[in-house]
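Hi,

Here is the structure I promised to pass on. Have a look at it first, and my notes follow underneath.

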Amino acid sequence: METGQARRIRARRTHQKSRLGCKTCKKRRVKCDEKKPTCTNCRQHAVICDYATESAAPSRPPRRQYRFRQSKYEIQRDSPTTDTSIQSLSPGPTPPPPLESISLADLHLFHHYVTSTASTVTDGQDRKHVWDIHVPQWGFTFPSILHLILAFSALHLAQQHPPLRAQYLDQADAHFTFGVRSVTTVLASLNEDNCQYIYISAVLICLVYFGHGPRAGEFLVFSETGQAEWLVLMRGVKSILESRHAEIFSGVLAPEELEGEAQVSEELAEELERHKGRIREVQLLIRAETDDEVIKEMYDSALNALQETFDEVYRMRGAGKHGVNLMHLVIGWLYRLREGFVGWLEAKDPLALAVLAYWAILLKYMQSSWLMTGWHEHVLAGIQASLPEEHRSWIRWPVECIFGDRQPVAALS
């Protein structure tokens, strides 16, 4: 009579050995099809393949690839655990496993993120250490965060080292692909245990988009080739926030108490009033263009909110804040726009684009951040190129503020 052990041995699938297969497949004892830059098994399980890390590394003399073995203190996958927060991350589709191997190039990216890149998304007063401590720690529990901070770090290095830009962009693209894929597997299972991880992943995806720099034919909220990529990302963040706002902004992500209102200098106050005066002028022009009270109210709402945003930005500037410190205010105006107005922008309605041109002035005050380099000129150039000739006089003030005597040139598709 055949024993149970013999039946198990006979039932085991056999396969031909792959001498050149990736290390992940060899460790799992499955056949590797040796496709590059990522084998089929690794792609299906959304884990980094040795081939991908080898192709993404800068073209320097070959270096040894280091593999970190499992610690004896680490909880085994098939062992019981009382940490239900990790188990509940995805009650639906199984998320990809954490990185089981890491290259020297990836270690370099992680080190650079912790020591340098993380500080570029704070105002230097991150008392809770969200970005330099908590987010990297969350990355070891939630794989998409780890991949996305490595992608973000690679883009920062690409900006700092132009001769190696192509190699770092390859690394960024590889990690970004894995990061987006892994968070997508759990997005439908958003709950109170994983909502902060998913929210941070979504924010990192948006930051990576800015870090890549302006793209031809893409102008944040409108595009030359259909739906704008960044607008899709913003709507995704909005959907997550609307469903789990209270749970997301709790613990280390809870908002901090605001300091007292800063005093705006006389020079800045005069500059602010010039901006607001020009916004009021375009508001009167738009009112004269339509008799529809609903449309007038929609434009009034957007322009009044824009004037309030200018007030807040100038108060921050008065306190010495600039660059990434203005992100929540500047992007916040877009975030709070009514969906109907956003639809007009997507359709490149001339009046809506004229309003957006005045908002683009605010991007100019974020140029001290590497993330925002060139975005103000890119967006305004795209607006001017999309406007009919008869409406271009409406955006003379934004063009003067951003380009001066230079002529805008849009990077169209």
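Let's start with L334, which touches V221, W230, M234, L356 and W359, leaving aside neighbours within four places in sequence. This is a predicted model, by the way, so read everything below in that light. L334 is part of helix α14 (residues 327-336). Its relative accessibility is 1%, so L334 counts as buried, the cut-off being under 20%. If you want a distance to check in your viewer, the C-alpha atoms of L334 and A302 are 9.3 Å apart, with the two positions 32 residues apart along the chain.

W230, one of the contacts of L334, also turns up among the aromatics: ring pairs join Y209, F210, W230 and W375 into a cluster. Aromatic pairs come to 14 by the count I used. Take F152 and W370: their ring centres are 5.4 Å apart and their planes meet at 35°, so this pair is tilted. F152 belongs to helix α8 (residues 143-160) while W370 is in the loop between α16 and α17, so the pair ties together parts 218 residues apart in sequence. Both partners are covered: F152 is buried at 0% relative accessible area, and W370 is buried at 11%.

Two rings also have a charge above them. The charged end of R317 sits over the ring of Y365, 4.0 Å from the ring centre. K238 does likewise with Y335, where the charged end is 5.3 Å from the centre of the ring.

Next, helix α17. How far apart should the ends of its 12 residues be? At 1.5 Å a residue, residues 375-386 should span 16 Å, and the end C-alpha atoms are 17 Å apart, which agrees. Of those 12 residues, 10 are buried, so to speak of α17 as mostly covered is fair. The buried ones include W375, the residue from the aromatic cluster, along with H376, H378 and Q384. What do the buried residues of α17 pack against? They pack against α10 (195-212), α16 (350-363) and α18 (396-403).

D300 is worth a click too. It sits in helix α13 (residues 293-318), and at 16% relative accessibility D300 counts as buried. Beyond neighbours within four places in sequence, D300 contacts Q283 and R287.

For the backbone, I have two non-glycine residues with positive phi. H129 has phi near 55° and lies in the loop between α6 (104-115) and α7 (130-139). L220 has a phi of about 70° and is found in the loop between α10 and α11 (229-248). Buried or exposed? L220 is buried, with a relative accessible area of 1%, whereas H129 is partly exposed at 35%.

Finally, the chain as a whole. It has 18 helices and zero strands. Of its 413 residues, 46% count as buried. Among contacts with a separation of 6 or more, 71% are between residues 24 or more positions apart. The chain exposes about 22,200 Å², with carbon and sulfur atoms supplying 52% of that area.

Cheers

Definitions and conventions
Residues are numbered from 1 along each chain as its sequence is written. This is a predicted model: local features need pLDDT of at least 70, side-chain atom pairs count only at pLDDT 80 or more; totals for chains, interfaces and linings use all residues. Side-chain values use heavy atoms; hydrogens and water are left out. Helices (H or I, at least four residues) and strands (E, at least two) are DSSP runs, numbered from the N terminus. The expected span of a helix is 1.5 Å times one less than its number of residues. Buried means under 20% relative accessible area, exposed over 50%, partly exposed in between (1.4 Å probe, protein chains only). Contact means heavy atoms within 4.5 Å. Accessible areas come from the Shrake-Rupley method with a 1.4 Å probe; for residues, only the protein chains shown count as cover. Rings of Phe, Tyr and Trp (its six-membered ring) pair if their centres lie within 6.5 Å; planes under 30 degrees apart count as stacked, over 60 as edge-to-face and the rest as tilted. A charge sits over a ring if NZ of Lys or CZ of Arg is within 6 Å of the ring centre and within 35 degrees of the ring normal.
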